Amino acid sequence: MRPLDPVTSKQRVAYGFAFFVLFVAVWAWATFGGHVSKTFLANPLAMMQEGFELLTRHGFVFDIGMTIWRVVGGFVLAALVAVPLGVLMGAYKPIEAFLEPFVSFARYLPASAFIPLLILWAGIGELQKLLVIFIGSVFQIILMVAVTVGGTRRDLVEAAYTLGAGDRGIIRRVLLPSSAPDIAEILRLVLGWAWTYVIVAELIGSSSGIGHMITDSQALLNTGQIIFGIIVIGLIGLISDFLFKAVNAWLFPWKLA
């Protein structure tokens, strides 16, 4: 290995698969070997058995669907609000000066701290969970998009003005095409954070979802079900991440040029 030397796509897949094999091997050694009590950590076979029971007898597929719906719903709402505001902040410095102090303040507020208030305002239904994801995502996206748009090369903007572009043309023909690939990457990263927020929302006052299942399993000391739920979250997140990367590469081929 040498610093920054690239690897082929086959090598990348092989290295990634090798890590998972090593992880499961260490897990099996710790549990089957008796180094960790099954009360605190189920072995891989027990986890698979518990997962099969969840899927076939306890309606876990419905819980997975509810969690995905909440993540997608809250994240899409946050993106619809945050991306236009972030573009405006990055393009127009007065708007940035007006909004940035509040956005910078709000993005440090943990979304979980709003759950008691949101339960009072919206009850324990779906709206409350969507709002937790919305609050946890929207301010992060706004600020990151604003920084990305504001960092557009000045020579491109000046060249567009020289060629007769107006303010709207600058945003539509220069700022957005230049920033769109990075904005898509921002959305991909924040989508991962949204999964953290939905599980927190489902741990309190929820009757469905992966977080609800994990809470019930904790009460029964069923670590196999807990681990299976965590693995399902990771797999869904991994699949969504690969899909996001593929769509980004298809939509913005000039980023790879």
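**A first look around T67 and the core**

Visitor: Is T67 buried or exposed?
Guide: Bear in mind that we're looking at a predicted model. T67 has a relative accessible area of 0%. Buried means under 20%, so T67 counts as buried.

Visitor: Which helix holds T67, and which residues does T67 touch, leaving out those up to four places away in sequence?
Guide: T67 lies in helix α3. Setting aside residues up to four places away in sequence, T67 touches W195, V198, E202, G209 and I210.

Visitor: At what angle do α3 and α8 pack?
Guide: Two packed helices are described by the angle between their axes and the distance between the axes. Here α3 covers residues 60-91, and α8 covers residues 167-203. Their axes are 8 Å apart, and the angle is about 145 degrees.

Visitor: Is the crossing of α3 and α8 left-handed or right-handed, and how many residues of the contact are nonpolar?
Guide: The crossing of these two helices, α3 and α8, is right-handed. On the α3 side, the contact includes T67, I68, V71 and F75, while α8 brings residues including L175, L187, W195 and V198. Besides 1 polar and 2 charged residues, the contact of α3 with α8 has a nonpolar count of 17.

Visitor: How many residues are in the largest nonpolar core, and which helix gives the most to this core?
Guide: The largest nonpolar core has 54 residues, and F60, V132, I141, V145, I210 and V232 have the most contacts inside it. One helix gives the most, with 15 residues, and that's α8.

Visitor: Which residues does V232 touch, not counting those up to four places away in sequence?
Guide: V232 is among the residues with the most contacts inside the largest nonpolar core. Not counting residues up to four places away in sequence, V232 touches F60, I64 and I210.

Visitor: Are F19 and F20 stacked or edge-to-face?
Guide: F19 is exposed at 53% relative accessibility, and F20 is exposed too, at 52%. Their ring centres are 6.3 Å apart, with planes at 80 degrees. Planes over 60 degrees apart count as edge-to-face, so the pair F19 and F20 is edge-to-face.

Visitor: What kind of pair do F102 and F105 make, and which cluster do ring pairs link them into?
Guide: F102 and F105 are 3 residues apart in helix α4 (residues 93-106), so about one helical turn separates them. Their ring centres are 6.5 Å apart and the planes sit at 45 degrees, so the pair is tilted. Ring pairs link them into a cluster made up of F102, F105 and F139.

Key: Residues are numbered from 1 along each chain as its sequence is written. This is a predicted model: local features need pLDDT of at least 70, side-chain atom pairs count only at pLDDT 80 or more; totals for chains, interfaces and linings use all residues. Side-chain values use heavy atoms; hydrogens and water are left out. A nonpolar core is a set of buried Ala, Val, Leu, Ile, Met, Phe, Trp, Tyr and Cys residues joined through side-chain atoms within 4.5 Å. Buried means under 20% relative accessible area, exposed over 50%, partly exposed in between (1.4 Å probe, protein chains only). Contact means heavy atoms within 4.5 Å. Axes are lines fitted to C-alpha atoms, for helices over the stretch in contact, and angles run from 0 to 180 degrees between N-to-C directions. A crossing is left-handed if the near helix is turned anticlockwise from the far one by less than a right angle, and right-handed if clockwise. Ala, Val, Leu, Ile, Met, Phe, Trp, Tyr, Cys and Pro count as nonpolar, Asp, Glu, Lys and Arg as charged, and the others, Gly among them, as polar. Rings of Phe, Tyr and Trp (its six-membered ring) pair if their centres lie within 6.5 Å; planes under 30 degrees apart count as stacked, over 60 as edge-to-face and the rest as tilted.
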